[in-house]
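Q: Got a minute to go through this one with me? I'd like to start with the overall picture and then look at the RNA.

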Amino acid sequence: MLDLKLIRDAEAEVRAALARRGVPADLDAVLGTDQRRRRLVTEVETLKRQRNAASEEIGKLKKSGEDTAAKQAAVKALGGQIAALDEELQRADQELQALLLTIPNLPHKSVSDGKGAKDNLIVRSYGQTRRFGFKPKTHLELVERLGILDFERAARLAGAGFPLFVGLGAALERALIQFMLDLHVKQHGYTEVSPPFVVNSAAMTGTGQLPKMAADMYYLAGDDLYLIPTAEVPVTNIYREEIIQRPLPIYLTAYSPCFRREAGAAGRETRGLIRVHQFDKVELVKFVEPETSYAELESLVANAEDVLQRLGLTYRVLALCAADLSFAAAKCYDIELWAPGQEAWLEVSSCSNFESFQARRAGIRYRTKAGKVDYVHTLNGSGVALARLMVAILENGQTADGAVELPEALAPYLGGVRRLQPDQNAKL
RNA sequence: GGAAGGGUGGCUGAGUGGCCGAUAGCGCCGGUCUUGAAAACCGGAGCGCCGCAAGGCGCCGGGGGUUCGAAUCCCUCCCCUUCCGCCA
């Protein structure tokens, strides 16, 4: 949510910044409703002031035993007016709030212009795109021969898009999670949390998934709860409606499964692990002081990159252009892994600075050194997402005979297993 | 799911219809003292909104009601604790 005062005081700048996103935002409605609301506030508060003064007087008169019936009747009439105005004010408040919730964040000045994903800038690359002496297989072909993933039986359970890992496939999934959590906790200074995987609508609104993304989320109607699309939601909302007392910055990391309906995405990349309804992810979340948030974004990206470097994978980092930024982000870097079987770059991390956008929605504040209360800046990034990470590991590590050499860094987490062999995995 | 008790400022905890935004203690900030710190003493300090300002309005889990007036009374929802039931 944008600062309403900023919209009022710097309307032209706000309009210009929003225009860079290339989507319309109804500032006129915001400003009009705001004006109406403020007029009502002034009006109703004048009346309330009168009522308070009169009530106090009645109290005093009663104490000295005087008759106050006439005065009471007059104040009661005032009360009626106040109630009517209050109702109108409440409506204006709700309207204004609803409007503000639909306005996206402003792109940071360092974010480039552009019309879409094609205009994102490659800011750096790591590793070489490996050349094979044979035609590299896709992860679909590999998992089939390795027997580490059972799509057919998985569909029986929940339909397409819900993977069922088997044997070393499941172990590899678990090893990756633990490897990443350990790295972030022991090397990067994050505190591990394990949050609820369902949240209420207030939490979803706080981080910006609601109201816009409602159709993309799994909703539990019986309990009015949502399955989380990312651990960002529960972890960021840990401090919802708080003035944080601990010193900033606060770094949290969490593993969680992520649930996404991917409404409207059917038919696109629906085979295999590239786009699924449920995947595992280790998430990084930061709560920081505003002055430091852009430096914190750089180190957040570095933390995510460290995962990939230690796994010996080839990746590139993109700085998203203004038009490709997600709703809540002011700046965002995507990290993409090279998948030789797909011959494609796969997004495995999205690291964003939301500035005070989420904090304002969620009411997450801190006390400045001067003792003032202000909104924190929140950041988060995947560190990293697993289904696609596994695709890259499989496709990059494959050998001519259909085996897969696993990254050395995972060996301690896999009981020393260094290689997946065709037709040797546990069977269902 | 059932029963009982409870949700007050960063924390603990008073307050049961009229200067209560709220007593007190701890913690916090500033000062005195000290080489420095601690202790002691003095002082300060909640959050939001409207307003150029003076000032005002609102907030005691959320919402609604009664009343001239509600932290205090009533209704409702949510949450926490304990006991019972069920159960990984």
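Q: What share of the contacts in chain A with a separation of 6 or more comes from residues 24 or more positions apart?
A: That share is 73%. Keep in mind that this is a predicted model.

Q: OK. How many helices and strands are there in chain A?
A: Chain A has twelve helices and 16 strands. Its C-alpha atoms fill a box of roughly 100 × 45 × 40 Å along the principal axes.

Q: And what domains does the assignment give for chain A?
A: Two are listed: domain 1 covers 4–101 and domain 2 covers 117–420. Their C-alpha centres are 43 Å apart.

Q: Switching to the RNA. Which residues come nearest to RNA strand B?
A: Arg 38, Glu 45, Ser 55, Val 75 and Arg 367 do, out of 23 residues around the strand. On the RNA side, sugar and phosphate make up 75% of the strand B atoms that come within 4 Å of the protein.

Q: Which part of the RNA does Glu 45 go to?
A: A base nitrogen: a polar side-chain atom of Glu 45 sits 2.9 Å from it. Ser 55 has a side-chain N or O atom 2.9 Å from a sugar or linking oxygen of strand B. For Asn 52, the partner is a phosphate oxygen, 3.1 Å from a polar side-chain atom.

Q: Which element gives the most to that surface?
A: Helix 3, with 13 residues. Helix 3 spans 27–63, and helix 1 (4–9), helix 4 (69–101) and strand 12 (364–367) also supply at least two residues each.

Q: How do the residues near RNA strand B divide into nonpolar, polar and charged?
A: Four are nonpolar, seven are polar and twelve are charged.

Q: Now the inside. How much of chain A counts as buried?
A: Of its 428 residues, 49%.

Q: Which residues have the most contacts inside the largest nonpolar core?
A: Leu 176, Met 180, Leu 308, Leu 311, Leu 389 and Leu 394, in a core of 60 residues. Helix 7, residues 168–187, gives the most to this core, with nine residues. There is also a second, separate core of 25 residues, which includes Leu 2, Val 14, Leu 96 and Cys 332.

Q: Back to Leu 394. What does Leu 394 touch, not counting residues up to four places away in sequence?
A: His 139, Leu 142, Val 143, Leu 146, Ile 148, Val 404 and Leu 420. As a general point, nonpolar side chains tend to be buried together in soluble globular proteins.

Notes: Residues numbered from 1 in each chain as written. Chains lettered and ligands numbered in written order. Predicted model: local features only at pLDDT ≥ 70, side-chain atom pairs only at ≥ 80, totals over all residues. Heavy atoms only, no water. Domains from an automatic or database assignment. Near = heavy atom within 4 Å. Polar contact = N/O pair within 3.5 Å; in protein donor to acceptor, adjacent residues only side chain to side chain. Helix = DSSP H or I, 4+ residues; strand = E, 2+ residues; numbered from the N terminus. Nonpolar A, V, L, I, M, F, W, Y, C, P; charged D, E, K, R; others polar. Core = buried A, V, L, I, M, F, W, Y, C linked by side-chain atoms within 4.5 Å. Buried < 20%, exposed > 50% of the residue type's maximum accessible area, 1.4 Å probe, protein only. Contact = heavy atoms within 4.5 Å.
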